[in-house]
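Visitor: I am new to this structure and would like a close look at a single part. Could you pick one helix and walk me through its surroundings?

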Amino acid sequence: MSSALLVMDYQNSIVERLGTDDGLAAAVSAVDAARERRIPVVFVRVAFRPGAPEVAAANKMFGGMRDRMGAQAPDATEVHPAFDVSDQDIVVVKKRVSAFAGSDLEVLLRGLDVRDLVLAGIATSGVVLSTLRQAADLDYGLTVLSDACSDGDPEVHRVLLEKVFPRQAEVLTAADWIASLG
């Protein structure tokens, strides 16, 4: 069985709004360790075509996106430069909250023969929760890197990491996960 590290929504506009320096540092250390051990790193970002035609007005989370798109910086949806994304890294574009929604992630993971996912992302209550639930339903083994996740609501973040996620995933710090790699 092989593993992959999913680094989700660590893109410029989201890191700027909801990220933390500690969370970014933990995610970067996990990426560095995965690269050293040849564990596939998959960066997942949310992005839309110009004008966001993929977004239905009825979608509560993304419905106002069309109006806001023009005000975004051109690099708003690019992976944060702290990760120094290279040609060996894989970048997946999604269209909704879960890393699987509107992307080719599932096909990619099958192609890589991945059965275990290690999750890092912003926000804990968004992409991490949605991806964890869908991945569990798809029978992936799961690990969540607690300190490489962040959320705008510290209490929701805590409850998810301490009470919800442990039902379907191992919850470790990035340092503990790296140490477990040997």
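Guide: Of the 182 residues in the protein, 47% are buried. Please keep in mind that this is a predicted model. The protein has 7 helices and 6 strands, and along the sequence they follow the pattern β-α-α-β-α-β-α-β-α-β-α-β-α.

Let us settle on helix α2, which covers residues 21-36. This helix has 16 residues and reaches 23 Å from its first C-alpha to its last, close to the 22 Å expected at 1.5 Å a residue. Its buried residues are G23, L24, A26, A27, V28, A30, V31, A33 and A34. When you look for steps of three or four along such a list, one general point helps: an α-helix has 3.6 residues a turn, so residues three or four places apart point the same way.

What lies over these residues? The cover on the buried residues of α2 includes the strands β1 (2-8), β2 (41-46) and β5 (141-150), together with helix α7 (174-180). After α2 comes R38, with a positive phi near 60°.

Contacts across the sequence are a feature of the whole protein too: among those between residues at least 6 apart in sequence, 77% join residues at least 24 apart. For one pair of side chains, turn to T77, in the loop between α3 (65-69) and β3 (90-94). T77 counts as buried because its relative accessible area is 16%, under the 20% cut-off. The side chain of T77 is joined to that of R45 by a polar contact of 2.9 Å.

Methods
Residues are numbered from 1 along each chain as its sequence is written. This is a predicted model: local features need pLDDT of at least 70, side-chain atom pairs count only at pLDDT 80 or more; totals for chains, interfaces and linings use all residues. Side-chain values use heavy atoms; hydrogens and water are left out. Helices (H or I, at least four residues) and strands (E, at least two) are DSSP runs, numbered from the N terminus. Buried means under 20% relative accessible area, exposed over 50%, partly exposed in between (1.4 Å probe, protein chains only). A polar contact is a pair of N or O atoms within 3.5 Å; within protein, one must be able to donate a hydrogen and the other to accept it, and residues adjacent in sequence count only if both atoms are side-chain atoms. Contact means heavy atoms within 4.5 Å. The expected span of a helix is 1.5 Å times one less than its number of residues.
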